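Subject: Handover of a structure and notes on its contents

Dear colleague,

Please find below the structure that I am handing over to you. My notes on what was found in it follow directly after it.

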Amino acid sequence: MEALGVDIPPEDLRQAFDMLDIDESGELTIQEFIEGVSQLQESLNTKHVVSLDYSLQRVQVKLTKRLDSLEETVKTGNETLAKSIDELCAGIEKLNKNIEGLRDGRKAKARPSPSPQGEEAPEAVADSLRKKPHA
């Protein structure tokens, strides 16, 4: 690094590398490293620190607004989803009742209705007439 005109102790270089590795990939391009170290070599004055502080505050405000917006979007989405689930459950319940009604209707048609005592059911009378030879 001294050949590049960078006079920083090895431990400071490691800290600088870690600081410049914002994606924490453990790698920096040569260009990123040289530019970052060059900026670190320059002396910081109050103007730089204040500028950095205000930049960070702007980022914080933007992130807070974005998070608030995202939170509202998720809340609205959850409410819409809950309403849709309730409507779906009600529809399923109604469908189940309709199916049950159809099943009950089929069972009633499939079973002969009980006839009063001493009288044959109409189907039984019709069957007996078909079986008797006509005289």
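Leu70 is located in helix α3, which covers residues 46–110. Please bear in mind from the outset that this is a predicted model. Together with Leu67 and Val74, Leu70 forms a nonpolar patch on the surface. The accessible area of these three residues together is about 270 Å². Is Leu70 itself buried, partly exposed or exposed? Its relative accessibility is 42%, and Leu70 therefore counts as partly exposed, since that class lies between the 20% limit for buried residues and the 50% limit for exposed ones.

The overall architecture may help you to place this helix. The secondary structure of the protein consists of four helices and zero strands. Followed along the sequence, the pattern reads α-α-α-α. The protein has 135 residues, and buried residues account for 7% of them. About 12400 Å² of the protein is exposed, and 57% of this area is supplied by carbon and sulfur atoms.

Confidence in the prediction should be considered before any detail is read. The average pLDDT of the protein is 79, and 75% of the residues reach a score of at least 70. Among the elements, α3 has the highest mean pLDDT, at 90. The lowest mean, 61, belongs to helix α4 (residues 122–131). Where pLDDT is low, the predicted coordinates should not be read in detail.

I turn next to the charged side chains. How many salt bridges does a search of the whole structure find? The search finds three.

One of these salt bridges joins Asp18 and Arg14, whose closest N and O atoms are 3.4 Å apart. Both residues belong to helix α1, and because they are four residues apart there, about one helical turn separates them. Asp18 is partly exposed, with a relative accessible area of 42%. Arg14 is also partly exposed, with a value of 47%.

A salt bridge is likewise formed by the side chains of Lys97 and Glu93, with an N to O distance of 3.7 Å. These two residues are four residues apart in helix α3, so about one helical turn lies between them. Lys97 is exposed, with a relative accessible area of 57%, whereas Glu93 is partly exposed at 46%.

Helix α3 also holds the pair Arg103 and Glu100, which are three residues apart, or about one turn of the helix. The closest N and O atoms of their salt bridge are 4.0 Å apart. Arg103 counts as partly exposed at 49% relative accessibility. Glu100 is partly exposed as well, with a relative accessible area of 38%.

Finally, I draw your attention to a group of acidic residues. Which residues gather in a patch of negative charge on the surface? They are Asp23, Glu24, Glu27, Glu32 and Glu35. Of this group, Glu24 lies in the loop between α1 (10–20) and α2 (30–41). The relative accessible area of Glu24 is 71%, so Glu24 is classed as exposed, the limit for that class being over 50%.

As you examine the structure, you may wish to begin with the nonpolar patch of Leu67, Leu70 and Val74, then proceed to the three salt bridges and to the patch of negative charge that includes Glu24.

Yours sincerely,

A colleague

Key
Residues numbered from 1 in each chain as written. Predicted model: local features only at pLDDT ≥ 70, side-chain atom pairs only at ≥ 80, totals over all residues. Heavy atoms only, no water. Patch = residues over 30% accessible without salt bridge, like charges linked within 9 Å, V, L, I, M, F, W, Y side chains within 5 Å. Areas by Shrake-Rupley, 256 points an atom, 1.4 Å probe, with all protein chains shown as cover. Lys, Arg positive; Asp, Glu negative; His and termini not counted. Charge placed at Lys NZ, Arg CZ, Asp CG, Glu CD. Buried < 20%, exposed > 50% of the residue type's maximum accessible area, 1.4 Å probe, protein only. pLDDT = per-residue confidence, 0-100.
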